[in-house]
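Before turning to the details, please take a moment to look over the sequence and the fold together. The paragraphs below then go from one strand to a helix and end with a single residue.

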Amino acid sequence: MKPEQHFVKGRGAQINPGSSFSKLQYESLEVGDAQDEWECEPEILRTHIIPQRAKSIVNKIKSEDLPMALSANPYQGCEHGCVYCYARSTHEYWGFGAGLDFETKIIAKTNAAELLRQYFDKKSYQPEILSLSMNTDCYQPVERQLKLTRQLLEVCLEYRNPVSILTKNALVLRDMDILQALHEHGLVSVSSSITCHDENMRRKLEPRTSSIATRLKIIESMAKAGIPTGLMFAPIIPGLNDAEMYSVLKSAADAGAERAGYTIVRLNGMIAEIFRDWLEKTYPDRAEKVWHSIESCHGGKVSDSRAFTRIVGEGHIAGIIRQQFKLFCQKLGLNQHARQLNHGAFRRPAPGGQLSLF
């Protein structure tokens, strides 16, 4: 039997390791499926949405190597199913597994907009860029019905707080009306995450994401609207998608991207087991090469928690990747200038929704 025949259709992870935190468990409550085209799946593989009244929505980012101050994630878990996703391990805190559970049991913070208003209303709050999709994609399929991300954008527009979006899903184009309104005040940037140029590889790595061509349309649409836009070529998996760097960067630049960034894959916690299983089933001919190449970028391990190093890696292969990325960006005119978002337009609506004249 060929390795491909072992695949769980439409999912990234092929296994579902149990949670490392057995004390916390959730019972799933299905209120709808995120994608109609997968309705015939076995029940264990169907997407279940778990509504939650969250206690908070804004996270303060204290990491030295992340250039943002605040993030918000209206969803925990992600149906996109990217097999390498660093956020998989966070699902274990909810009593779920980092494998198939991460893709099929999606926690939706139904009071996200309410919590964001409360956060902006704090007298101590000083306007900072709110980054969306720093953990899971805010435009994953369930957003089509629940519109929690759209509600967050509406709050940002109401308070005129700057917001940055990174997504793999063309659903972001649905909200062009709000994005354009935010852009009128210099309050928004939108980037697309593109991992490869090969659509066949994309389907295996990121089974429920938008196609590469459609993601390029995100960049093109934002550029035509004048909205600051770019791409993240992330993560780079040496021996698998690193050879596609130039074609991805060129396609994005041709579409109108102004900036680009990259990360090198790291496989912390249970993600290592999930990725290794996927790699051996999907690319058995190069599995060992890819695995050892990842290790060479992280001091002999596939995981890395060291600030700065964990993102770009170290060693010979990481050095080549770094040099190539810099060279390609210079050749394509990427990262030549940076447009800053507006922090000075922030306002708090008066009680009752009436804005103050002063």
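In this predicted model, strand β1 (residues 48-52) runs parallel to β5, the two pairing over five bridges, and within that pairing I50 has I107 as its bridge partner in β5. Strand β4 (residues 75-76) also pairs with β5, here in the antiparallel sense and over two bridges, and the partner of Q76 is again I107.

How is β5 placed with respect to the rest of the structure? Five of its five residues are buried, so β5 is largely enclosed by what surrounds it. In a regular strand the side chains alternate between the two faces of the sheet. Accordingly, K105, I107 and K109 lie on one side of β5 and I106 and A108 on the other, and all of them are buried, with both faces covered.

Helix α2 (residues 112-121) has as its buried residues A112, A113, L115, L116, Y119 and F120. These residues span an arc of only 160° around the axis, which means that they sit on the same side of α2. Among the elements that cover them are β5 (105-109), already met above, together with β2 (58-60), β3 (70-72), β6 (130-132) and α4 (148-159).

Finally, N241 belongs to the loop between β9 (229-236) and α8 (245-255), and because its relative accessibility is 0%, N241 counts as buried. A polar atom of the N241 side chain lies 2.8 Å from the backbone oxygen of T195, and a polar atom of that side chain lies 2.6 Å from the backbone nitrogen of I237. Beyond its neighbours within four places in sequence, N241 is in contact with T195, C196, M201, F233, P235 and I236.

Key
Residues are numbered from 1 along each chain as its sequence is written. This is a predicted model: local features need pLDDT of at least 70, side-chain atom pairs count only at pLDDT 80 or more; totals for chains, interfaces and linings use all residues. Side-chain values use heavy atoms; hydrogens and water are left out. Helices (H or I, at least four residues) and strands (E, at least two) are DSSP runs, numbered from the N terminus. Buried means under 20% relative accessible area, exposed over 50%, partly exposed in between (1.4 Å probe, protein chains only). A polar contact is a pair of N or O atoms within 3.5 Å; within protein, one must be able to donate a hydrogen and the other to accept it, and residues adjacent in sequence count only if both atoms are side-chain atoms. Contact means heavy atoms within 4.5 Å. The arc is that of the directions from the helix axis to the C-beta atoms. Two strands pair if DSSP finds at least two bridges between them.
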